[in-house]
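Hi,

Here is the structure I promised to pass on. Have a look at it first, and then read on for what turned up when I went through it.

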Amino acid sequence: MIPNIVLIGRSNVGKSTLFNKLTNSSSALVGNDLGLTRDRKCAFIKIKNKKIILTDTAGIISKTNEFEKKIMKQTYLALKKADLILFVVNAKESILSEDYYILEKLRKSCKKIILVINKIDYLQCITESNEFFKLGVKENFNVSASRGTGINNLIEKGIFPWLENLEINKNVLKKENYEDIIKVAFVGAPNVGKSTLINQIVKEERLITSEISGTTRDSINIPIKKNNKNYILIDTAGIRKKNKIQEKIHYISIKKTFENIKQTEILLFIIDISKLQINKEDLLIARKILDAQKSIIVVFNKCDLLKKHELKKIYPMISKKLNFLKFCQFQFISAIKNKGIKKLLDNINITFNCSKKKTTSAKLTKILKTAITKHQPPYIKGRRIKLKYAHPGGFKPMIIIIHGNQINYLPATYKKYLINYFQKSLNLIGSPINLFFKENQNPFKKTKN
């Protein structure tokens, strides 16, 4: 098994900043607002060529309401799977009762603990950090996660010696074939069931679910293996209109969502169909993810709340409003009732395989000629626009370059016709196509010296 290091501590002590520093990323959501982190967040890191799972968690609090209990459950699940605990405290504050409460919980787990005294930004903080010796944790390190101070010392003298004492399976250290990992992002408005769907796929209450809008704030990566295939499921914050009270948090969350969209292969665009409508917010999200040029599957969730005649009634509305996504698979599911999940995984595999398709210039040119025969390009100034041949320019998404004459005058409607024709002919389910046009040079045209 790959060793698991878990960051645990009170809220706002800098766990997510430390997570970002150790993973050399800006993956975890950080800010001055209490309780930004809710779900546990994992990432792979390497220390001295040894592979480790690093897990960020929410701050532990002693008094909780029902919603906070769900957040704490995720932290305690992470604690259960931990091999090493980095107990993070804030040097700018004295020891609080919450610190003693957390330490008591950590000691009961019988796991190895390293105390990380964070926010050592000034000399005064270093002096004040001595107070944390009272906690009685043998190994402790002063760091400033935001500045990077003391991080190397923590790795070299704290984490690495612990790693050397572990019996690590050599197979774990082999370089993985990342081409075989399918990254799938779950995107949609708040409360459409993204987290519930992921929990159903992984068969574990891995993510916090609630009727409260905006429960998921950060993007969470969950690696799983299903039917001998490797996936990374990415839960994202619900995309919605700005809320004045939480405008800053919302802005950062949405920014993270679109950063993850760029790094994924497939987008599951999830819509709550129980409302019997596709609203302006859904259409806005659809346009944004279409612009990302990723493979898309449209998932209509909560269909268990509809009767059969209601489902039949909405098909024409869906086809009309989402006509620009007709190259995608449309699937109806119920995440909470576990209906349609197996078929969804099959469709993810189909869409992924389509995104990797490669073709030849001969095949593309043949398709182009057939498309032109069925529907000719228009005339411009008495001369018909001529499209002569096509060749591939890339894939993920597929790029097709078409050569011809007067291509600058080719109308958008005809370009759309060609895209649809290529998609249908190549059977590119869920995968967008980019067409680029190149003007053929006239060999008899004189060039200026």
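Let's start at the N-terminal end, where β1 and β3 run parallel and are joined by four bridges. Within that pairing, I5 has L54 of β3 as its bridge partner. On β2, A43 stands opposite L54 as well. The pairing of β2 (residues 41-47) with β3 is antiparallel, over seven bridges. These two strands make a hairpin with two residues between them, and K48 in the turn has a positive phi of about 55°. Five of the seven residues of β3 (residues 50-56) are buried, so this strand is largely enclosed by the rest of the structure. Bear in mind throughout that this is a predicted model.

Now the overall picture. The protein has 12 helices and 17 strands. Of its 449 residues, 48% count as buried. Looking at contacts with a separation of 6 or more, 70% come from residues 24 or more positions apart.

On to the cores. In soluble globular proteins, nonpolar side chains tend to be buried together. The largest nonpolar core here has 54 residues, and L233, L268, L325 and I348 are those with the most contacts inside it. Leaving out residues up to four places away in sequence, I348 touches I182, V184, Y231, I266, L268 and I297. There is also a second, separate core of 26 residues, which includes F19, V143, A145 and I151.

What about disulfides? The structure holds zero of them. Two cysteines you may want to look at are C42 and C110. C42 counts as partly exposed because its relative accessibility is 22%, and the buried class stops at under 20%. C110, at 69%, is over the 50% mark and therefore counts as exposed.

Further along the chain there is another hairpin. Strands β15 (residues 386-394) and β16 (residues 398-405) run antiparallel and are joined by seven bridges. L387 has G404 in β16 as its bridge partner. Three residues lie between the strands of this hairpin, and K396 takes a positive phi near 60°.

K396 comes up again with the cavity. How many cavities of 30 Å³ or more does the structure hold? There is one, and the volume of the largest cavity is about 40 Å³. Its lining is made up of C354, S355, K357, K396, P397, M398, L428, S431 and P432.

While we are on backbone angles: most residues other than glycine have a negative phi. Two others to check are N12 and Q406. N12 is not a glycine, yet has a positive phi of about 65°. This residue lies in the loop between β1 (4-9) and α1 (15-23), and N12 is partly exposed at 29% relative accessibility. Q406 is not a glycine either, and its phi is positive at about 60°. Q406 lies in the loop between β16 and α12 (412-426). Is Q406 buried or exposed? At 11% relative accessibility, Q406 counts as buried.

Finally, three residues whose surroundings I went through one by one. For each, the contacts leave out residues up to four places away in sequence.

- T75 lies in helix α2 (residues 66-81). T75 is buried, with a relative accessible area of 1%, and touches T57, A58 and I60.
- Q200 is in helix α6 (residues 194-202). Q200 has a relative accessible area of 18%, which makes it buried, since the cut-off is under 20%. The residues that Q200 touches are A335, I336, N338 and I341.
- K134 sits in the loop between α4 (123-129) and β6 (140-142). K134 counts as exposed, at 60% relative accessibility. K134 touches I95 and Y100. K134 and I95 are 39 residues apart in sequence, with their C-alpha atoms 8.8 Å apart in space.

That's the lot from me. Over to you!

Best wishes

Key
Residues numbered from 1 in each chain as written. Predicted model: local features only at pLDDT ≥ 70, side-chain atom pairs only at ≥ 80, totals over all residues. Heavy atoms only, no water. Core = buried A, V, L, I, M, F, W, Y, C linked by side-chain atoms within 4.5 Å. Buried < 20%, exposed > 50% of the residue type's maximum accessible area, 1.4 Å probe, protein only. Contact = heavy atoms within 4.5 Å. Disulfide = S-S within 2.5 Å. Pairing = 2+ DSSP bridges. 1 Å grid on protein atoms, 1.4 Å probe; cavity = no way out; pocket = protein on both sides within 12 Å on 5 of 7 lines; lining within 4 Å. Points joined across faces, edges and corners; volume = space filled by probe spheres on them.
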